[in-house]
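Q: I'd like to learn how to read a structure like this one. Can we go through it feature by feature?

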Amino acid sequence: MKKKADELAYFKLRAGDIVIARRGVMGRCAVVQTEQEGWLCGTGSIILRVQSKILPNYLKLFLSSPTTVKALEANAVGSTMININQKSLLALQLSLPTIQEQQEIVRRASTLLTYADRIEARYQNAITRVEQLTPTLLSKAFRGELVPQNPNDEPVSVLLERIRAERAAQPNKPKRVVNRSKSNMTKISSQSLKKLIHQLPNNTFSFDELYSDINKKMSGDYDLIKDILFALLDESEPSIIQIFDSETNAMRFMRRYQ
């Protein structure tokens with residue numbers, strides 16, 4: 001065991017060493033901390049032991065910089081997975097300012113990286129909020145929460161009861177048989193709906209206007225058309241968007257492309 005320990009002593013890490021990945025993504029490296037001293041370096045990494053003229057954190061910044069990564073990739077070997085070796089590292093040209101200048105470079109770089117992390121966090125938060133915005137707006141629109149409601153409006157239950165009473169009072173009418181041609185019975189699809197939307201006379205339209213126009217040209221299931229329409233809103237580059245019409249106090253659809 002002692003003999004094996006002596007053989008591995010060369011691979012024991014010291015505080016301040018730089019451990020850089022030998023293969024895969026170039027430039028991945030880290031500074032060994034005090035609590036990691038005595039750990040063994042695996043075969044997938046290389047130990048760089050700095051001298052007193054260079055700060056470990058300064059060397060880490062240099063190795064992970066885009067210029068150094070590009071140089072390492074140019075000198076790497078291997079086809080399936082690129083590797084670097086001692087020759088690749090020795091070929092690097094390192095500018096070595098004074099210790100004081102290195103400290104200032106590390107300090108400024110740390111400040112900028114922290115600021116960049118904050119920007120990235122804000123960006124991801126903004127992306128999440130945007131993705132949640134459309135469902136939230138639709139939900140509020142269907143609940144009538146986008147505009148102030150008139151307290152004098154009759155409840156929906158009263159309106160439905162009145163409609164039922166009016167229908168019950170009307171005499172039964174014979175059902176009209178609609179003779180549709182074979183071409184008019186074509187099932188609506190995403191592409192055909194886009195084409196019909198493009199043919200609408202106005203750039204903005206309501207769902208009822210669209211549904212009425214579709215029934216003049218072909219058979220269209222109400223729920224199917226609604227599902228396809230809202231699926232078009234969720235496309236990565238939607239051809240239509242939803243807007244709020246302040247004149248009618250209602251949500252409408254608008255073509256993005258003429």
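Q: Which residues of α9 are buried?

A: First, the ground rules. This is a predicted model, where local features need pLDDT of at least 70 and side-chain atom pairs count only at pLDDT 80 or more, while totals for chains, interfaces and linings use all residues. Residues are numbered from 1 along each chain as its sequence is written, and side-chain values use heavy atoms, leaving out hydrogens and water. Buried means under 20% relative accessible area, exposed over 50%, and partly exposed in between (1.4 Å probe, protein chains only). In α9, the buried ones are Ile225, Ile228, Leu229, Phe230, Leu232 and Leu233. As a general idea, an α-helix has 3.6 residues a turn, so residues three or four places apart point the same way.

Q: What span should helix α9 have, and what does the model give?

A: Helices (H or I, at least four residues) and strands (E, at least two) are DSSP runs numbered from the N terminus. The expected span is 1.5 Å times one less than the number of residues. For the twelve residues of α9, 222-233, that comes to 16 Å, and the end C-alpha atoms sit 17 Å apart, which agrees.

Q: Which residues have the most contacts inside the largest nonpolar core?

A: In soluble globular proteins, nonpolar side chains tend to be buried together. A nonpolar core here is a set of buried Ala, Val, Leu, Ile, Met, Phe, Trp, Tyr and Cys residues joined through side-chain atoms within 4.5 Å. The largest has 19 residues, and Ile20, Leu48, Leu63, Ile84 and Leu89 have the most contacts inside it. At least two residues each come from β1 (18-21), β2, β3, α2 (56-64) and α3 (66-75). The top contributor is α2, with four residues. Apart from this core lies another, of 18 residues, including Leu193, Ile197, Phe207 and Leu233.

Q: Where is Leu40, and is Leu40 buried or partly exposed?

A: Leu40 belongs to the loop between β2 (29-31) and β3 (45-48). Its relative accessible area is 48%, so Leu40 counts as partly exposed.

Q: How far apart are Leu137 and Met251, in sequence and in space?

A: Positions distant in sequence can be compared C-alpha to C-alpha. Leu137 and Met251 are 114 residues apart in sequence and 9.8 Å apart in space. Leu137 lies in helix α5 (residues 99-142) and is partly exposed, at 36% relative accessible area.

Q: How many helices and strands are there in the protein?

A: The protein has nine helices and six strands. Of its 258 residues, 24% are buried.
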